[in-house]
Amino acid sequence: MSDRRVAPALLRRCAELIVRGIDAPYVLGDLEEAWVRDRERGRSVAESALRYAVNAILSAVALNARRIRDGRLGASWLDVKLGLRMLRREPAVNAVSLLALAIGIPIAMMPGQLERAFDPDLPFDEGHRIVGIRTINVETSRSWTRSLHDFERWSQELGSVQLLGVWDGATYNVTTENGSAEAVEGAAMTASAFEIVRVPPLLGRTLQADDEEPGAPPVVVLGYGLWRSALAGDADAVGRTVQISGIPHEVVGVMPEGFLFPNLERFWIPFRERAIDHPAGSGPTIWVFGRLADGATRAEANEEVERLRQRWAAADPAEHAHLRSSVVSFTHVTGDVAFDTPEWLAMKALAGLLLVIACGNVGILILARTALRTSELAVRTALGASRVRIIVQIFVETLVIGLVAVSLGLLLADGIATVGHRAFATEIPFWLDFGVQPETVVVALLFAGASAGLAGVVPALKATGGHVHETLQHGGRGATSMRFGAFSSVLIVAEVAVAVLFLTFGTPLIPFALGNIEHGAGIDPDRYLAAQLWHPGTRPGLEMEPVDDSTFQRQIGELHAEVSRALAEESLVSGVAIGSTVPGGRHSGRWVEVEGMPASDGTPAHWVRTATVVPGFFEALDQPPVAGRGFDALDGLGADSSKAVVVNTRFVEEVMGGRNAIGRRIRTVDRGGGSPGPWWEVVGVVPRLGMFVADGRLDAGFYRPATPGLLNPIQLGIRVDGDPNDFGARLREVVAAVDPQLQVQTGGTIRQLIRQQRMDGRWALLLVGAISLVAIVLSAAGLYALVGFTVTRRRREIGIRTALGAQQRRIALGVARRAVLQLLAGVALGGGLAVVIVPGMASGPGMSHVRWYEAALTVSAIVFAIGLLACVPPIRRSLTITPMEALAEE
Amino acid sequence: MPYLGEFEQLILFSIVHLDDDAFGLSIREEIEDRTGRTVSSGAIYTALRRMEERGLVTSEVADPIEGRVGRPRKYYTIEPAGARALHQSFSTLQAIAGGALDRLQRLAEG
């Protein structure tokens with residue numbers, strides 16, 4: 001990230017473009033100096049940018065006020081009025097242009113907006129000066145988070161970053177005095193964090209250094225939301241007690257609404273780890289952050305951190321030689337979002353290409369409209385208007401469209417950001433803001449200007465390039481020397497091809513996103529509550545006895561068994577299925593081979609789904625085996641050595657060709673060349689139980705028995721008499737009674753679980769659909785404009801041919817020939833690209849069933865039909881031309 | 001003696017306050033701090049150019065300094081003619097307003 005005391009280059013370039021005049025250098029210098037002063041006074045980047053932009057625009061107007069009044073800048077308010085009048089006169093053409101730009105501009109801006117969203121200033125006092133110190137192990141290129149020893153040394157030796165702090169976050173069980181429990185994100189954090197962010201508490205106090213002393217009473221500072229949900233917003237909350245993973249903590253303070261530092265945390269407990277308690281180079285996972293000292297820059301802090309590292313490495317190479325620490329923006333302390341991958345860059349290029357296509361298409365529509373005004377333009381030229389003047393007028397008219405489209409596009413982008421933020425508010429950091437920012441507005445205005453240039457100036461140059469007297473001689477409505485050249489043909493072909501390509505790519509998403517797939521779970525999806533249960537082990541900030549892995553596994557197994565028994569005693573519960581997943585949930589995939597049975601394409605392996613389940617899983621779902629048996633207790637106890645496997649009916653049909661599966665042997669294989677797994681024997685066949693609800697053809701799968709304690713977390717499918725959602729609170733009470741450290745998360749019913757997963761597919765379908773819609777509308781509009789222009793230009797000829805007895809069919813073919821050829825070329829190109837590129841892009845074992853040729857053919861036919869429909873209105877108009885009307889216009 | 005407009009008076013008073021540190025940005029900040037009014041740099045330089053043409057102020061371009069991307073500051077000094085014009089314009093305003101401020105306050109309060 002560049003030094004924030006220098007104005008963004010983009011702002012500076014824009015200012016240089018518009019601030020003109022003899023005093024421009026001094027104004028531009030003042031703008032830069034004002035930026036520096038604003039940032040030093042603590043103004044955020046966004047606010048400083050806004051002040052910069054407003055001052056630049058007002059200064060540009062002031063410096064050129066006289067020229068603007070006299071119209072000597074080339075443009076005038078009259079041009080703007082004419083542009084607004086054009087909007088009203090041709091609503092259809094303008095609607096298409098507005099739609100194209102209003103969708104194209106936000107899509108083109110989206111990559112940049114996402115990048116900026118991940119690099120904001122924190123919303124605190126001088127939030128831009130809160131930084132993180134991130135350490136990388138250069139030998140493994142991975143983050144190094146066991147920096148407790150370094151943190152203590154930095155606290156003593158680092159001068160450019162003051163008030164250093166650390167945090168480690170996790171999910172905890174929080175239980176209140178009345179027994180209600182919920183899983184909550186919290187952080188063990190140093191008291192200095194509250195000094196760093198400079199946010200006072202709403203009630204009580206924040207954490208203090210004394211709270212971090214070994215043996216100090218456990219205390220907690222609650223977030224506003226947790227205070228409301230757990231303590232009903234009690235004004236006397238300070239002094240009350242909540243249990244955090246079973247350990248009582250006294251509430252000492254409540255933070256104000258919206259405070260979720262460092263990411264999503266809703267409560268804070270003291271960080272009590274000491275470097276002295278851990279060998280060098282070890283310790284808990286921590287994230288280090290602080291506030292830049294007054295006057296210090298991030299560059300200076302980085303230099304100091306590196307100097308310290310070199311000194312420490314010289315003294316102790318084993319501990320520091322392989323580590324590199326850097327001072328980064330706080331939002332990057334836990335890692336960088338990869339904005340420099342080839343995939344991201346390709347997406348940016350694609351977004352930009354879409355805008356270029358949209359601008360080009362708008363240019364075609366403007367060209368078609370301008371072509372019908374050539375007589376008017378010729379008369380104006382004859383009366384003394386310069387070519388530049390006319391070009392500026394057409395540019396301003398197009399700019400008006402562009403600015404209206406930008407406004408719509410920004411509203412659309414902000415609306416999408418708001419909806420997205422609400423949908424994912426509980427899953428994204430509080431500082432992540434996808435809303436429209438000042439830089440985005442500047443970029444959008446630039447896009448509007450570029451669009452106006454591309455879509456307005458190019459047609460205007462074409463329209464004003466001919467000789468005045470020739471144009472005046474041609475006369476007549478529609479008579480023009482202008483032609484649609486190769487550029488317009490290429491553009492229309494490209495738009496049609498893009499539409500076919502994107503629609504083909506999106507076809508597999510349609511059944512998943514829109515189909516009624518909940519029935520694919522194989523059970524009644526409304527009778528089961530889906531829940532996840534896990535034991536987190538040691539938690540940051542809590543004093544707990546460490547245990548070895550085998551003891552932990554045994555304890556987990558006992559706890560899970562206890563939970564099962566407790567649930568079985570509940571009167572509303574008639575079955576509990578336990579496994580790595582539940583019907584309708586995400587099942588992982590594996591390549592398997594069946595002894596003596598190759599796959600249909602000749603290869604030995606089949607791609608199938610898999611799950612690990614506790615004995616009794618199928619019975620609890622009321623889906624006993626249809627052949628053989630399920631898993632018994634012996635299978636579960638020695639699961640690692642058990643040879644038993646159960647397959648579903650789809651596996652038998654698809655993989656075994658319907659043959660008897662009992663006694664057959666299967667094993668997993670590694671198609672990357674690794675060793676295959678051990679042979680397992682099929683002991684039973686069960687019905688299909690939602691291993692892949694999106695497409696029943698990919699539902700083939702197998703089950704393995706689970707070893708108690710090895711599954712952590714476990715997924716529960718609880719059959720409940722009544723509404724399963726009503727059992728959620730009771731489930732948490734039952735689990736908390738077994739062990740308050742156990743964490744439980746309910747996902748609603750199985751139906752709700754499936755729908756939640758489908759949201760991913762729906763967002764992807766929305767994006768693909770939006771791009772396809774833009775491409776289809778643009779191509780249809782372009783074809784409409786092309787055919788309409790042809791009809792207008794050849795009106796006299798059509799009238800003569802009609803008078804001479806030409807058949808209407810031949811007239812229609814003649815008018816539409818070029819458009820149909822372009823349409824055919826577009827679907828051929830798009831369909832060809834689809835079958836070549838898309839299978840490679842959407843590759844994966846789960847996509848091998850997709851018949852891309854069929855999809856491309858279907859999509860091509862649909863797009864072709866839509867394109868033909870767009871040509872119908874102007875063709876019909878050509879057939880209504882009477883010879884008398886056409887000749888009378890001469 | 002030319003009568004100065006309100007904006008011109010604000011600029012000249014700022015130059016008087018700033019003494020030898022009067023350039024576009026400092027003048028703008030002086031006006032904003034003292035009056036709460038937002039003005040653009042372009043408007044200030046345009047007004048100063050007009051006043052310089054009338055001999056009310058003189059300017060001097062200084063060397064570029066850090067933080068201005070190589071662009072210099074332009075410092076302004078009030079000339080005797082400008083001081084006289086400012087004094088007269090402000091005195092004229094004071095003369096017409098003299099003694100009316102209390103009554104103005106009462107009228108404003110209704």
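**View 1. A:W167 faces a partner tryptophan in this predicted model.** A:W167 stands opposite A:W287, a residue of β10(A). The two strands involved are β3(A) and β10(A), the latter covering residues 287-292. They pair in the antiparallel sense. Five bridges hold the register between them.

**View 2. Strand β3 of chain A is largely enclosed.** The strand spans residues 161-175. How many of its 15 residues are buried? Twelve are, so the rest of the structure largely encloses β3(A). The cut-off used for buried is under 20% relative accessible area. In a regular strand, side chains alternate between the two faces of the sheet.

**View 3. β3(A) and β4(A) form a hairpin.** Strand β4 of chain A runs over residues 181-189. Its pairing with β3(A) is antiparallel and counts nine bridges. A:T175 has A:A181 of β4(A) as its bridge partner. Five residues lie between the two strands. Among them is A:G179, whose phi is positive, near 95°.

**View 4. β3(A) also pairs with β7(A).** Strand β7 of chain A covers residues 241-244. Two bridges join it to β3(A), and the strands run antiparallel. Which residue of β7(A) is the bridge partner of A:V174? The partner is A:I244.

**View 5. A:S245 combines a positive phi with a buried position.** This serine sits in the loop between β7 and β8 of chain A. Its phi is near 50°, a positive value in a residue other than glycine. Is A:S245 buried or exposed? Its relative accessibility is 2%, so A:S245 counts as buried.

**View 6. A:R198 has a positive phi and is partly exposed.** Phi of A:R198 is near 60°, and the residue is not glycine. The loop that holds A:R198 links α8 (192-197) to β5 (203-204) of chain A. Relative accessibility is 35% for A:R198, which therefore counts as partly exposed.

**View 7. Two cis peptide bonds precede prolines in chain A.** One joins A:F261 and A:P262, with omega about 0°. A:P262 belongs to the loop between β8 (247-254) and β9 (267-270) of chain A. Another cis bond runs from A:N712 to A:P713. Here omega is near 20°. A:P713 lies in the loop between β20 (701-705) and β21 (714-720) of chain A.

**View 8. Chain B meets chain A over about 1900 Å² of buried area.** Carbon and sulfur atoms give 51% of that area. B:L25, B:Y45 and B:R71 supply 27% of what chain B buries against chain A. No other three residues supply more. Contacts involve 22 residues of chain B and 22 residues of chain A.

**View 9. Salt bridges and polar contacts cross the interface of chain B and chain A.** How many salt bridges are there between the two chains? The count is eight. B:R73 forms a salt bridge with A:E33. Their closest N and O atoms are 2.3 Å apart. Polar contacts across the interface come to 14 residue pairs, both residues at pLDDT 80 or more.

**View 10. Helices α2 and α3 of chain B contribute to the side that touches chain A.** α2 covers residues 24-35 and α3 covers 41-53. Each supplies at least two residues of this side. The largest share, six residues, comes from α3(B). By class, the side of chain B that touches chain A has eight nonpolar, six polar and eight charged residues.

Terms used:
Residues numbered from 1 in each chain as written. Chains lettered and ligands numbered in written order. Predicted model: local features only at pLDDT ≥ 70, side-chain atom pairs only at ≥ 80, totals over all residues. Heavy atoms only, no water. Contact = heavy atoms within 4.5 Å. Buried area = accessible area lost by both parts, 1.4 Å probe. Salt bridge = Lys/Arg side-chain N within 4 Å of Asp/Glu carboxyl O. Polar contact = N/O pair within 3.5 Å; in protein donor to acceptor, adjacent residues only side chain to side chain. Helix = DSSP H or I, 4+ residues; strand = E, 2+ residues; numbered from the N terminus. Nonpolar A, V, L, I, M, F, W, Y, C, P; charged D, E, K, R; others polar. Buried < 20%, exposed > 50% of the residue type's maximum accessible area, 1.4 Å probe, protein only. Pairing = 2+ DSSP bridges.
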